[in-house]
Amino acid sequence: MNEENIKTKDNLVIGRNAVLELLKSNRQVENVLIAKGEREGSITRIIAMCREKQIVIKNVDRKKLDFMCANANHQGVAANVPAHDYVTVDEMIEYADRRGEAPFLIICDEIEDSHNLGAIIRSAEACGAHGIIIPKRRNAGLNFIVAKTSCGALEYMRVARVSNIAATIDALKKKNIWVYCADMDGQPWCKTDFSGGCALVVGSEGHGVGRLVKEKCDVVVSLPMRGKVNSLNASVAAGIIMYEVARQRLEL
């Protein structure tokens, strides 16, 4: 692929030929944005390639696409490329093994705010986590807002993107990794034993952890709430619990 033929705006690749060249390459792609009603010419080929590569397609209003592309000639299509490459969950676990440590992973369940994901990545790196797992859909990806908010931590943190969080939890449990869900009505976080392989699930502020994902978890942990609001910012709650995991590991 000739990099000079790729027209970009921040983390967007813009235009039909540019997106086709991107899809032909081995570069990772977050998703492809297609203006509503566009289904002619090379757009059909782009859609087919996305389906073949299991890349998420998002149909968006043309005016929104105009705004995102700063009114550049996008020809009805643009692609989001990640600010950093993704890895696999197995690579995270292998990294922990090489360090002689029990895996410590963070699972984000529909964290759609890029600033929150960036803050979680920053705290996870500071706490010694081995990786972060996010879903392909309904979650912020590794865009440039995430990279900026992480304050450089994204360069050192492994992030995996999976199709199904519930299935991923099942796979982790088979590897003797206990899965803890941060949600309401759980046991106190500071009285929970996080030793051994550990994965912490954090949900969005609006909906929390999804029902199916919560049912898959081994333990639900909660933070005490003494004020009038009934929830904390997702990245704040995650940071508090992550530091408890880190504290317990330092005492071993």
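**Figure 1. Q75, in the loop between α3 (62-68) and β5.** Welcome to this predicted model; we start with a residue that leads into strand β5. The backbone of Q75 has a phi near 60°, and that is a positive value in a residue other than glycine. Is Q75 buried, exposed or partly exposed? With 37% relative accessibility, Q75 is classed as partly exposed.

**Figure 2. Q54, in the loop between α2 (42-53) and β4 (56-60).** Here is another glutamine to look at: phi of Q54 is near 60°, again a positive value in a residue that is not glycine. The relative accessible area of Q54 is 60%, so Q54 is exposed.

**Figure 3. Strand β5 and the strands it pairs with.** Which residues cover the two faces of β5? V77 and A79 lie on one side, A78 and N80 lie on the other, and all of them are buried. Strand β2 (residues 12-14) runs antiparallel to β5 and is joined to it by three bridges. If you look for L12 in this view, its bridge partner in β5 is N80. Strand β3 (residues 31-35) is also antiparallel to β5, this time with four bridges. Within that pairing, V32 has A79 of β5 as its bridge partner.

**Figure 4. Y86, in the loop between β5 (77-80) and α4 (89-98).** Follow the chain out of β5 and you reach the loop that holds Y86. Although Y86 sits in a loop, this tyrosine is buried, with 11% relative accessible area. For orientation, L22 is 64 residues away from Y86 along the chain, and the C-alpha atoms of the two are separated by 16 Å.

**Figure 5. An open sheet of six strands with parallel pairing.** Reading across the sheet, the order is β8-β7-β6-β10-β9-β11. Which strands stand at the edges? They are β8 (159-162) and β11; each has a single partner strand, so one side of each is left without a neighbour in the sheet. On average, neighbouring strands here are turned by 30° against each other, direction ignored.

**Figure 6. Strand β9 (residues 177-188) between β10 and β11.** Strand β10 (residues 197-203) runs parallel to β9, and six bridges join the two. Good residues to look for are V179, whose bridge partner in β10 is A199, and Y180, whose partner in β10 is L200. Strand β11 (residues 219-222) also pairs with β9 in the parallel sense, over five bridges. There, Q187 has V221 of β11 as its bridge partner.

**Figure 7. The one aromatic pair of the structure.** Y180 and F194 make up this pair, which is tilted, with 4.8 Å from centre to centre and 55° between the planes. The two rings link distant parts of the chain: Y180 belongs to strand β9 and F194 to the loop between β9 and β10, 14 residues apart. Are these two residues buried or exposed? Y180 is buried at 3% relative accessible area, and F194 is buried at 1%.

**Figure 8. A charge over a ring: R158 and Y95.** The charged end of R158 sits over the ring of Y95, at 3.6 Å from the ring centre.

**Figure 9. The largest nonpolar core, with 37 residues.** Which core residues touch the most other members? They are I106, I121, I132, V159 and M242. At least two core residues come from each of β6 (104-109), α5 (114-126), β7 (131-135), β9, β10, β11 and α9 (234-251). Helix α9 provides the largest share, with seven residues.

**Figure 10. Cysteines without disulfides.** A disulfide is a covalent bond between the sulfur atoms of two cysteines. How many disulfides does a search of the whole structure find? The count is zero. For C50, the closest cysteine sulfur is that of C69, and at 15 Å this is too far for a bond. C50 is also buried, at 0% relative accessibility. C217 is likewise in no disulfide, with its nearest cysteine sulfur, in C181, 4.5 Å away. Since a disulfide calls for sulfur atoms within 2.5 Å, the C217 and C181 sulfurs at 4.5 Å do not make one. C217 is buried too, with a relative accessible area of 11%.

How values were computed:
Residues are numbered from 1 along each chain as its sequence is written. This is a predicted model: local features need pLDDT of at least 70, side-chain atom pairs count only at pLDDT 80 or more; totals for chains, interfaces and linings use all residues. Side-chain values use heavy atoms; hydrogens and water are left out. Two strands pair if DSSP finds at least two bridges between them. Rings of Phe, Tyr and Trp (its six-membered ring) pair if their centres lie within 6.5 Å; planes under 30 degrees apart count as stacked, over 60 as edge-to-face and the rest as tilted. Buried means under 20% relative accessible area, exposed over 50%, partly exposed in between (1.4 Å probe, protein chains only). A charge sits over a ring if NZ of Lys or CZ of Arg is within 6 Å of the ring centre and within 35 degrees of the ring normal. Axes are lines fitted to C-alpha atoms, for helices over the stretch in contact, and angles run from 0 to 180 degrees between N-to-C directions. A nonpolar core is a set of buried Ala, Val, Leu, Ile, Met, Phe, Trp, Tyr and Cys residues joined through side-chain atoms within 4.5 Å.
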